Structure formats: C-alpha cells, structure tokens
Amino acid sequence: ENAVRLCAAEKGVVLRYDGEYLRFAVGHNVSLELREYFDQHPTPPGMESNAGRAALTRKTVHNHDVLADPQYRYGAALVDPYRTVLAVPMMRADELLGVIIIYRHEVRPFSDGHVSLLETFADQAAIAIENARLLTELQAKNASLTEALEQQTATAEILRVISRSPTDVQPVFDAIAASAVRLCDAVNALVMRFDGQLIHIAAHHNVSPERLASLSRTYPRPPSREGVSGRVIISRSVVHVPDVDADPEYTLPLATTVGYRTALGVPMLRDGAAIGLILVARDHVAPFSDKQTALLQTFADQAVIAVENVRLFTELETRNSELGVALDQQTATADILRTISQAQADVQPVFE
C-alpha cells in the first residue's frame, strides 16, 4: 500500500518464494482476475517475467515498457495491461524470500528515489519474514521444552508416589492413568494387570460410565488378538491401532469401544514377561506420536518398578516375620535351658 502511494504507482504485489516458484502473497489495488491469474500461474525464476528476473539475478529490475521487451512473455499483462514495472527481490543474506512489484499502466519510468524506497521496503519485508521465522522457531522450541518439562515433572511425580507407597501399587497406577491421559492428549486411559492367565483392569482415568460398565462385563479375560490389550500381552510389544473400526482383527463387542477410535497399548515387562499394560485412547482417528509412545513406555517401566517394589517389600516383610518367629522360638528354647540349669532339683519351674 505504501509503495503504491509513495511511488505514484497504480498497483502493487508481494510474491513469496517457496524454493521453486514465486507465489502471490498479497496485492494492493489488484483485481480479482489478476489475483486468480497469479494464483494459477506461479512464476519461476527466469527472464520471461519481471519478478522472475529479479528472483534469478537477485537484483532490482526496472522495466520501462514490457511491450517493448522481447524477452517478456508473462501473461499477466494480458489480464491487466501494465507497461512500466519495478521489481525488487526480498533477500536474507544470499537467500531469496520473494519479490515486491509495483507498476503503472502507462510508460513512465520510476525515479531513482522510488527505486531506493522500494528497495528499503524489500529490506524491511525481509526483516519481518526473518523475525516471524525466528519467533516461530522460538515458540516451537519453547513448546518442546514445555512438553519435556511436563513429562519430566509427571515422571518425577510418579516416582514420588512409588516412594510413598512401598506396599500398594494402586496409587501408582492411578497416577500413571491420569498422567497418560493428560500428556498423551488422550480421552481416557486404562492400566491393566496380567496374572499369567487373565487380564485384569487395575486402574482407569476418564472412562465413561457406559464403557466402564461394558469393560466390567468383559474383564478379566484371557489375552486374544481380538482386542488391543490382548495383542499387547501376546506380542509383549507396543500395539498402535490408528482406527479400531477399520481393524479387521478387532472383534470385541461394540460397547467396549465406546469413547475411542485410536488406541495405543504399551506392555509392562519384567524379565521379558508381560505383567500388564497401559492403554490410552482417543475418541477420534488421530494416531499417537513417537514421543507419546516413548512417554508411555517410561510410565510402563515405572509401573514395573512399583510392582517389583511391592513384591520385594512383601517378601521382606514375610522373611522378617519368619525370622521373628524363629528368634522367638530360639529365645524360648534358650530360656527353658537356662531354667533347667538353674533348677536341677525341681522340675516345676521348667514345666512352668
């Protein structure tokens, strides 16, 4: 707008370069027909158009009269009969970002001041593009760092729950289910235990009452390939089903799929054996990312740690109890032997 006004031009166009073509980005006083032509005929760098020459040479192009130019063949002049054109490339170092064009319908060359002004605008446009790129990269990096921090925070929180619950895995499973839903952008999550024969639901988060009622009728159940949880246990590996409705193996009752279309199951492995799994789901078709899969695997490892801690703690308590009984027995035997040695002429104290 400013280039057209200050350079006494009639129309102006900004084209962005995508690495192959110059494509229409914005125009001022540009007719709908001319814009459609630009959209349908992106301009490659070359000598057949003013923008193409500016892109090819990386220099300002001032064409006093396109009709007198034997190399000019771009058809936009047939849609809008311009004559004098000024095209300036937008550059970042040696990288072409686009071209700014202004033109007049009469043969009237632009002044040196107009050329300098449009070159200044091109430099400012390049700065704006670079700022936007840097800001976008910074926002993406910040989003990535925020995501990593959230994952580390959740992992640390689950470890704290493990340390506070040495004899009970339920708080750990509940925390894992809640964190899996939040950080994997899932609609619900299940944590399941496998006892060697049957799969049991151990914890859940945000599961609808309808689906929970159906699951309670379906589980515990032996593993099979008709469901995601069974495949995880059988294969002892990650199972990702982008759409359960389009999965020929999925044959569980329809009610069990209430609330999800995309499912991801990750096994809990101890010494190579599956002892359970974590299952997250979305209510629409949207595959989970590799990062989300890796996070769920971390949660599965933590669940195994919690299960193993409870097992070891229970074994330790049992062993301590057995040692306590043995010590009581040995103490009693020693006490009786002392009584015998002290009451050699009287058996009554020994009997007592």
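This note reviews the cavities, the largest pocket and one surface patch of a predicted model.

1. The enclosed spaces may be taken at the outset. The model holds three cavities of 30 Å³ or more. The largest cavity contains about 110 Å³ of space, and the second largest cavity has a volume of about 90 Å³.

2. The wall of the largest cavity can be traced residue by residue. Its lining consists of Val13, Phe38, Thr43, Ser49, Asn50, Ala51, Tyr72, Tyr74, Tyr82, Val85, Ile101 and Tyr103. Two elements, α3 (50-57) and β5 (95-104), give two or more residues to this lining. By class, the lining of the largest cavity has nine nonpolar and three polar residues, and no charged ones.

3. The second largest cavity is lined by 14 residues. Those that lie nearest its centre are Arg211, Tyr219, Tyr250, Leu252 and Tyr260. Two or more lining residues come from each of β6 (188-194), α7 (209-218) and α8 (228-235). Of the elements, α7 gives the most to this lining, namely three residues.

4. The chemical character of that second lining deserves a separate remark. Nine of its residues are nonpolar, four are polar and one is charged. For the charged class, the student may set this beside the lining of the largest cavity, where no charged residue is found.

5. The open spaces come next. The largest pocket has a volume of about 240 Å³. It is lined by 15 residues, and Glu1, Asn2, Ala3, Val14 and Ile100 are the closest to its centre. At least two lining residues are supplied by each of α1 (2-6), β1 (11-17), β2 (22-28), β5 and α5 (112-164). The lining of the largest pocket divides into nine nonpolar residues, five polar residues and one charged residue.

6. The strand β5 merits attention in two places. It gives two or more residues to the lining of the largest cavity, and it also supplies at least two residues of the lining of the largest pocket.

7. The final point concerns the surface. Ile336, Leu337 and Ile340 make a nonpolar surface patch of about 270 Å². Within this patch, Leu337 is placed in helix α9, which runs over residues 290-342. Is Leu337 buried or exposed? Leu337 has a relative accessible area of 53%; because exposed means over 50%, this residue counts as exposed.

Key:
Residues are numbered from 1 along each chain as its sequence is written. This is a predicted model: local features need pLDDT of at least 70, side-chain atom pairs count only at pLDDT 80 or more; totals for chains, interfaces and linings use all residues. Side-chain values use heavy atoms; hydrogens and water are left out. Patches are made of residues with over 30% relative accessible area and no salt bridge: like charges are joined within 9 Å, nonpolar side chains (Val, Leu, Ile, Met, Phe, Trp, Tyr) within 5 Å. Accessible areas come from the Shrake-Rupley method with a 1.4 Å probe; for residues, only the protein chains shown count as cover. A salt bridge is a side-chain nitrogen of Lys or Arg within 4 Å of a carboxyl oxygen of Asp or Glu. Helices (H or I, at least four residues) and strands (E, at least two) are DSSP runs, numbered from the N terminus. Buried means under 20% relative accessible area, exposed over 50%, partly exposed in between (1.4 Å probe, protein chains only). On a 1 Å grid over the protein atoms alone, a cavity is a set of points where a 1.4 Å probe fits but cannot get out, and a pocket is an open set with protein on both sides within 12 Å along at least five of seven lines; lining residues have an atom within 4 Å of a point. Grid points are joined across faces, edges and corners, and a volume is the space filled by probe spheres set on the points. Ala, Val, Leu, Ile, Met, Phe, Trp, Tyr, Cys and Pro count as nonpolar, Asp, Glu, Lys and Arg as charged, and the others, Gly among them, as polar.
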